[in-house]
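User: I'd like a close look at one part of this model, please. Could you pick a loop residue and then walk me outwards through the elements around it?

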Amino acid sequence: MTCFLSRMTIFVSRRWIVLQPLLGSPAKERILLYLLSHGDAYPRELAVVLGHGLLSVQGQLQKLEDGGVVASRLRGRVRLYTLDPRWPFHRELAALLRRVIEFLPPDERERLFTPRRRPRRPGKP
């Protein structure tokens, strides 16, 4: 498995892209990794943290939701996305994403997996 993943690793503009050959997009890979580590996120948060355009992130989230990989729900006026635990391959995807995390450079790992610093205000929907 290590040999296979190391051959798939491509260094592009200072970012590691491991699953692009499978997913077709570095944005999808980063979105899935972020959702795995943070549980849920809204599109603007993903766009800012991942450095992708908002429309790109929204498009990828829509494709993932159409495929059943992620699920969304409204919290107030904000749509939150999370990995769908009812998707038949949820455990396998989570295991693969955890394996990908091992191949990320430390600075990329820190950027993607640092916990949120500001909690939501109590009572805010």
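Analyst: Happy to. Let's begin with histidine 52, which sits in the loop connecting α4 with α5 (54–66). Keep in mind as we go that this is a predicted model.

How exposed is histidine 52? Its relative accessibility is 22%, and because buried means under 20%, this residue counts as partly exposed. In space, histidine 52 has alanine 27 at 7.1 Å, C-alpha to C-alpha, although 25 residues separate the two in sequence.

Step back along the chain and you meet glycine 51, just after α4, with a positive phi of about 75 degrees. Helix α4 itself covers residues 43–50, and its buried residues are Pro43, Glu45, Leu46, Ala47 and Leu50. There is a familiar rule to hold beside that list: an α-helix has 3.6 residues a turn, so residues three or four places apart point the same way.

Now to helix α3, which spans residues 26–38 and includes lysine 28. Lysine 28 is a residue you may want to inspect: it is buried, yet it has no salt bridge. The nearest side chain of opposite charge belongs to aspartate 66, and it is 9.8 Å away. A salt bridge here requires a nitrogen and a carboxyl oxygen within 4 Å, so that distance does not qualify. What does lysine 28 touch? Leaving aside residues up to four places away in sequence, its contacts are Leu23, Gln60, Lys63 and Leu64.

Another charged pair offers a contrast. Arginine 30 and glutamate 29 join their side chains in a salt bridge, with N to O at 3.5 Å. Both arginine 30 and glutamate 29 are buried.

From here we can move to the sheet. It is open, has 3 strands in the order β3-β5-β4, and its pairing is antiparallel. The edges are taken by β3 and β4, each of which has a single partner strand, so one side of each lacks a neighbour in the sheet. Helix α3 packs on this sheet, touching β3, β4 and β5, and its direction makes about 90 degrees with that of β5. As general background, strands of a sheet pair through backbone hydrogen bonds, either parallel or antiparallel.

Let's take the two pairings in turn. Strand β3 is joined to β5 (residues 78–83) by 2 bridges, and the two run antiparallel. Aspartate 40 has threonine 82 as its bridge partner in β5, while alanine 41 stands opposite tyrosine 81. On the other pairing, 6 bridges join β4 to β5, again antiparallel. Here serine 72 has tyrosine 81 as its bridge partner in β5. The hairpin of β4 and β5 has 2 residues between the strands, and in this hairpin glycine 76 takes a positive phi near 70 degrees.

Which salt bridge links β3 and β4? Arginine 73 forms one with aspartate 40, and their closest N and O atoms are 3.0 Å apart. This pair links distant parts of the chain, with arginine 73 in β4 (residues 70–75) and aspartate 40 in β3 (residues 40–41), 33 residues apart. The two ends differ in burial class: aspartate 40 is buried, with a relative accessible area of 14%, whereas arginine 73, at 36% relative accessibility, is partly exposed. The connection also extends to a further residue, as Asp40, Arg73 and Arg75 are linked in a network of salt bridges.

Just past β5 there is another pair to look at. Aspartate 84 and arginine 86 form a salt bridge whose closest N and O atoms are 3.4 Å apart. Aspartate 84 is buried, with a relative accessible area of 10%, but arginine 86 is exposed, with a relative accessible area of 70%. In total, the structure holds 5 salt bridges.

We can finish with the aromatic rings. The count comes to 1 aromatic pair. The partners are tryptophan 87 and phenylalanine 89, whose ring centres are 5.6 Å apart and whose planes lie at 75 degrees, so the pair is edge-to-face. Tryptophan 87 has 22% relative accessibility and therefore counts as partly exposed.

Note on methods:
Residues numbered from 1 in each chain as written. Predicted model: local features only at pLDDT ≥ 70, side-chain atom pairs only at ≥ 80, totals over all residues. Heavy atoms only, no water. Buried < 20%, exposed > 50% of the residue type's maximum accessible area, 1.4 Å probe, protein only. Helix = DSSP H or I, 4+ residues; strand = E, 2+ residues; numbered from the N terminus. Phe/Tyr/Trp six-rings, centres within 6.5 Å; stacked < 30°, edge-to-face > 60°. Lys, Arg positive; Asp, Glu negative; His and termini not counted. Contact = heavy atoms within 4.5 Å. Pairing = 2+ DSSP bridges. Axes fitted to C-alpha atoms, helices over the stretch in contact; angles between N-to-C directions.
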